[in-house]
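Please open the structure in your viewer and keep the selection panel handy. We will go from stop to stop, selecting a few residues at a time.

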Amino acid sequence: MSKAAVVVGVQWGDEGKGKVVDALAEHFDIVARYQGGANAGHTVIADGRKHVLQLLPAGVVRPDRIAVIGNGVVIDPEALAREIHCLEESEIKIGSRLRISDRAHLILPWHRSHEIAAEAARGDAQIGTTSKGIGPTYEDKAGRRGLRTCDLRDEASFRAKCSEMGKEKNRLAAALFDSVHDDGAWVDRYLAAAEGIVPRLTDVSAFLNSALDGGHRVLFEGAQGTMLDIDHGTYPFVTSSSAAAGGASIGTGVGPTRLGKVIGVSKAYATRVGSGPFPTEAAGEDADKIRERGGEYGAVTGRPRRCGWFDVPAARYAARLNYLSHLVITKLDILDHLAEIPVGVQYELDGNRLDSFPPDVDAVERLKMRYISLPGWQQPTFGLQNYDELPQRAREYLQFISREVGVPIAMVSTGPERHQTIWMDTSSVPKD
Ligand code: IMP
């Protein structure tokens with residue numbers, strides 16, 4: 001019986017995975033992040049204090065858990081050093097609890113400036129990226145010219161590689177964007193930040209596999225969500241990594257049969273930040289009310305999120321792709337005010353019913369959604385901790401989602417704090 005589980009976003013990110021990972025981490029010894037970079041913003045509220053984590057796995061907030069950053073993550077050393085410093089300032093001691101893959105790729109300054117210039121050049125077709133240099137870093141990784149965390153170990157060689165690469169990047173920037181990005185002044189800053197990274201460098205695959213061999217419990221933490229996955233999301237309006245559960249294997253070096261349960265996190269409604277298709281997007285007052293009640297503004301960029309309704313076909317698509325064993329529904333309380341709650345139940349494309357998500361973005365934009373309306377409960381559910389305390393209609397709403405998506409619900413979140421959680425099915429976590 002595997003003592004592992006993967007937490008994956010079902011939607012377009014921002015599903016509340018930070019809170020969920022923090023709650024689940026009670027039952028795990030190690031939490032390992034497997035992809036993405038500082039484009040993610042996971043909010044965790046612990047003991048009344050709010051922490052926004054971008055690179056560190058949410059499990060780090062619990063004092064005795066080991067936090068691991070896998071090879072699939074892209075690391076900006078300065079951002080990581082800042083994040084570690086911030087947590088330590090708030091009296092969360094990290095020390096030797098953090099392991100960082102010796103094979104993770106580094107975000108370098110030209111990745112950020114290249115991304116900003118490339119986005120500007122796309123005009124109306126902008127992806128709406130987070131400007132953290134994520135896409136260009138993964139491009140260099142796939143292009144086999146990236147620098148990795150292990151390169152930080154040898155200062156002289158790191159300087160030489162940066163200088164060589166900087167020349168090439170400057171030639172490219174001059175040719176493509178009529179600008180020069182790199183003056184090399186950042187190398188000293190990176191090497192200073194590396195002082196907190198190099199001692200923590202680890203062969204993460206060896207570390208996690210031997211932990212699992214020893215009976216330790218490992219939670220794999222995804223960032224973003226299935227619909228932003230580079231292969232399976234609404235391409236090209238996606239992020240540049242494998243956010244779906246399969247990414248956990250590639251992004252940490254743990255074989256697929258060891259991953260255990262797959263827990264998909266979804267809001268009780270839907271949001272999206274950045275451009276790209278969003279079949280259940282709501283407009284006007286409906287969307288504004290959800291945004292205001294749910295505080296739907298990007299944790300990293302502060303951008304207002306687009307808001308809409310639960311999308312059953314998209315959730316079914318995510319259930320299949322990730323082979324979800326459990327669902328977690330977050331932010332149920334945000335829907336407390338509604339007399340009726342629309343739920344998207346069937347896509348139609350050019351007059352035909354569609355049972356899966358189409359691959360091309362133009363088709364997704366043309367999808368017509370068939371909705372049904374479920375009765376709202378119009379009673380406060382904020383902070384509830386027992387399923388039996390939920391209004392009958394809220395229970396029916398959850399049962400409807402679970403039945404339609406075909407996955408049992410393990411947990412419902414009714415507020416940002418750890419204890420504002422309803423456990424429904426504890427088979428999602430390993431027994432001690
Ligand atoms: P990138 O990951 O910065 O390249 O951005 C690509 C797309 O993914 C943009 O639409 C971003 O808004 C979106 N995105 C990236 N990270 C997150 C996240 O953590 N939550 C929600 N959207 C994200």
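**Stop one: a helix and its ends**

Before you select anything, note that this is a predicted model. Start with Glu-91, just after helix 2: this residue takes a positive phi of about 70 degrees. Now select helix 2 itself, residues 77-89. With 13 residues at 1.5 Å a residue, helix 2 should span 18 Å, and its end C-alpha atoms are indeed 18 Å apart, so the two values agree.

Move to the start of helix 2 and show the side chain of Asp-76: one of its oxygens reaches to within 3.0 Å of the backbone nitrogen of Glu-78.

Which residues of helix 2 are buried? Colour Pro-77, Glu-78, Ala-79, Leu-80, Glu-83, Ile-84 and Leu-87 to see them. In an α-helix there are 3.6 residues a turn, so residues three or four places apart point the same way. To see what the buried residues of helix 2 pack against, add strand 4 (49-53), strand 5 (66-69), strand 6 (74-75), strand 7 (98-101), strand 8 (105-106) and helix 6 (186-194).

**Stop two: an open sheet**

Next, select strand 16 (352-354) and strand 17 (368-375), the edge strands of an open sheet, each pairing on one side only. The sheet has 3 strands in the order 16-15-17, with antiparallel pairing. Its neighbouring strands are turned by 45 degrees against each other on average, direction ignored.

Now add strand 15, residues 340-349, which pairs with strand 17 over 8 bridges in the antiparallel sense. To pick out one bridge, label Gly-344 and its partner in strand 17, Tyr-371. Then show helix 10 (residues 312-322): this helix lies across strand 15 and strand 17 and runs at about 70 degrees to strand 15.

**Stop three: a serine in a loop**

Go to Ser-241, in the loop between strand 10 (218-221) and helix 8 (246-250). Is Ser-241 buried or exposed? Its relative accessibility is 4%, so Ser-241 counts as buried. Show side chains here, and you will find a polar contact of 2.9 Å between those of Ser-241 and Gln-35. Among the other residues that Ser-241 touches are Gly-36, Tyr-138, Gln-224 and Leu-228.

**Last stop: the ligand**

Finally, select the ligand and the 15 residues that surround it. The closest are Asp-14, Asn-39, Thr-130, Thr-239 and Arg-303. Three distances are worth displaying, each to an oxygen atom of the ligand:

- Thr-239, from a polar side-chain atom: 2.6 Å
- Arg-303, from a polar side-chain atom: 2.9 Å
- Val-273, from a backbone N or O atom: 3.2 Å

Note on methods: Residues numbered from 1 in each chain as written. Predicted model: local features only at pLDDT ≥ 70, side-chain atom pairs only at ≥ 80, totals over all residues. Heavy atoms only, no water. Helix = DSSP H or I, 4+ residues; strand = E, 2+ residues; numbered from the N terminus. Expected span 1.5 Å × (residues − 1). Buried < 20%, exposed > 50% of the residue type's maximum accessible area, 1.4 Å probe, protein only. Contact = heavy atoms within 4.5 Å. Polar contact = N/O pair within 3.5 Å; in protein donor to acceptor, adjacent residues only side chain to side chain. Pairing = 2+ DSSP bridges. Axes fitted to C-alpha atoms, helices over the stretch in contact; angles between N-to-C directions. Near = heavy atom within 4 Å.
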